[in-house]
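Here are my notes after going through this one, as numbered points. Have it open alongside while you read.

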Amino acid sequence: MTAAARPSVVRIDETLSPRDRFDNWREAVSAVFDLEVEDPATFDCGMTSWKLGSLLLGGFRSSGNTFVRDRAKVARGGLDHYVVQTLIQGTSVLREGAPEAEWPRGSVRILDLTRTVRTEAQAFSNLTLIVPRAVLEPLLGAPDDLHGVTLEAETVGAQLLGGLMQDLSRRADAMTLAEAEALGPGVAAMVAACFGPSVAAAETARAARTAVSRRAIQSHVLAHLGSPDLSTDALCSRFGLSRATLYRLFEPLGGVEGWIRGARLDEACRRLSSPATLDRRVSRVAQDLGFVNETSFSRDFRRRFGVSPSEARQRLGDQAPLPGSTSGGVFRDWVCGDGPE
């Protein structure tokens, strides 16, 4: 009888040399975060992760590092996922991108990968669940309000969700592939059920819902970034909204005009960081995305990403896989959607 297929698994452990562990760790983490480490020579780490259908579950441990997801990382990666984490041991502090706060052991937090974040961790271990937005968003009333929300360790939600993640990690190696894939929707539903009340509390202060969601407007804008017809008046006319309603919808994101400009800049960063557009001049990339003044484009680009458009193109090589990285590269490909099922 043929053995049942098992979920794909990636490990970074003592079977690798310390240097190879570090390289694989950095490569795996690079799918989501840029990494800052004080001394790679003394760095220690380990990872075991499983691909559970469209979800990823991983156990991570490290002697300590800083995880950074800045605007450039968000723009280049193009990930539209949530990261759900429970801290098993050690310390972690969220410094930027959401209200600064220590992440207590036993608590469960959620991060929106379309937003920026910086966390500092010391000698920690955690369990991390990566969930595509398309899976979780339909189960939530306010999917854009999740970033940085933390369920305290003593709450029922943290105990249920943290316990579920630990149970999954203990049993993942014994699961069949069919069992792992079947569990995905239920796990996503549990995440939504545990975080839903926290998000709903914030939502009650919001104005009544309109017939057109902010997400629908965002999808339209992202599909037409090069169109000159993305003015406030044009959007109000297309979606049947008043200016006041449109402004209220985008107020949490810094305003509608600022959000559109940011989306165009993010797409410019992606294009300038892509080998497919190396033959296209920076000025042409800017024009294609609705920027009529190259000087103001360059100024806004530097303000958002900390480098000029030309420097962003020069850094294209920084995204190449690290020499000798194997398991880390596989994990990165899983997250980015490039790896095998």
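1. Start with helix H6 (residues 214–223) and helix H7 (residues 232–239): in this predicted model, their axes come within 12 Å and cross at roughly 120°. An angle from 65 to 115 degrees would count as roughly perpendicular, so at roughly 120° H6 and H7 are oblique to each other. The crossing of H6 and H7 is right-handed.

2. Who makes that contact? On the H6 side the residues are Ala 216, Ile 217, His 220 and Val 221, and on the H7 side Leu 235, Arg 238 and Phe 239. Sorted by class, the contact of H6 with H7 comes to five nonpolar residues, one polar and one charged.

3. H7 has several buried residues, namely Thr 232, Ala 234, Leu 235, Cys 236 and Phe 239. The cover over the buried residues of H7 includes H6, H8 and helix H9 (256–272). Right behind H7 comes Gly 240, with a positive phi near 65°.

4. H6 has another partner worth a look, helix H8 (residues 243–250): the two pack at an angle of about 90°, and their axes are 10 Å apart. That angle makes H6 roughly perpendicular to H8. From H6 the contact takes Arg 214, Ile 217 and Gln 218, and from H8 it takes Leu 246, Leu 249 and Phe 250. The class split for H6 with H8 is four nonpolar, one polar and one charged. Note that Ile 217 is listed in the contact with H7 and again in the contact with H8.

5. While you're on H6, click on Leu 222, which sits in that helix. Is Leu 222 buried or partly exposed? Its relative accessible area is 44%, and buried would need under 20%, so Leu 222 counts as partly exposed. Leaving aside residues up to four places away in sequence, Leu 222 touches Trp 259 and Ala 263. Leu 222 and Arg 264 are 42 residues apart in sequence, with 8.2 Å between their C-alpha atoms.

6. Now the rings: there are 11 aromatic pairs in the structure. One of them joins Phe 250 and Trp 259, a tilted pair at 5.8 Å centre to centre with 55° between the planes. Both Phe 250 and Trp 259 are buried. These two have come up already: Phe 250 is part of the contact between H6 and H8, and Trp 259 is touched by Leu 222.

7. Phe 331 and Trp 334 form another tilted pair, with 6.3 Å from centre to centre and 50° between the planes. Phe 331 and Trp 334 both belong to helix H13 (residues 327–336) and are three residues apart, about one turn of the helix. Both of them are buried. Zoom out a little and ring pairs link Phe 22, Trp 25, Phe 43, Phe 60, Phe 331 and Trp 334 into a cluster.

8. Why call H13 largely enclosed by the rest of the structure? Because seven of its 10 residues are buried. Those buried residues are Ser 327, Gly 328, Gly 329, Phe 331, Arg 332, Trp 334 and Val 335. Arg 332 is worth picking out here, as it is among the buried residues of H13. Packed against the buried residues of H13 are strand E1 (9–12), helix H1 (18–29), strand E3 (45–52), strand E4 (55–69), strand E5 (81–96) and strand E8 (117–132). Just past H13, Gly 337 has a positive phi of about 85°.

9. Strand E5 also holds His 81. With a relative accessible area of 15%, His 81 is buried. What does His 81 touch, if residues up to four places away in sequence are not counted? The list is Leu 111, Asp 112, Leu 113, Ile 130, Val 131, Pro 132, Arg 133 and Val 335. Val 335 in that list is also one of the buried residues of H13.

10. Last, a backbone angle to check. Most residues other than glycine have a negative phi. Ala 123 has a positive phi, near 40°, and it is not a glycine. Ala 123 lies in strand E8, one of the strands that the buried residues of H13 pack against.

Methods:
Residues are numbered from 1 along each chain as its sequence is written. This is a predicted model: local features need pLDDT of at least 70, side-chain atom pairs count only at pLDDT 80 or more; totals for chains, interfaces and linings use all residues. Side-chain values use heavy atoms; hydrogens and water are left out. Axes are lines fitted to C-alpha atoms, for helices over the stretch in contact, and angles run from 0 to 180 degrees between N-to-C directions. Helices (H or I, at least four residues) and strands (E, at least two) are DSSP runs, numbered from the N terminus. Angles under 35 degrees count as roughly parallel, over 145 as roughly antiparallel, 65 to 115 as roughly perpendicular and the rest as oblique. A crossing is left-handed if the near helix is turned anticlockwise from the far one by less than a right angle, and right-handed if clockwise. Contact means heavy atoms within 4.5 Å. Ala, Val, Leu, Ile, Met, Phe, Trp, Tyr, Cys and Pro count as nonpolar, Asp, Glu, Lys and Arg as charged, and the others, Gly among them, as polar. Rings of Phe, Tyr and Trp (its six-membered ring) pair if their centres lie within 6.5 Å; planes under 30 degrees apart count as stacked, over 60 as edge-to-face and the rest as tilted. Buried means under 20% relative accessible area, exposed over 50%, partly exposed in between (1.4 Å probe, protein chains only).
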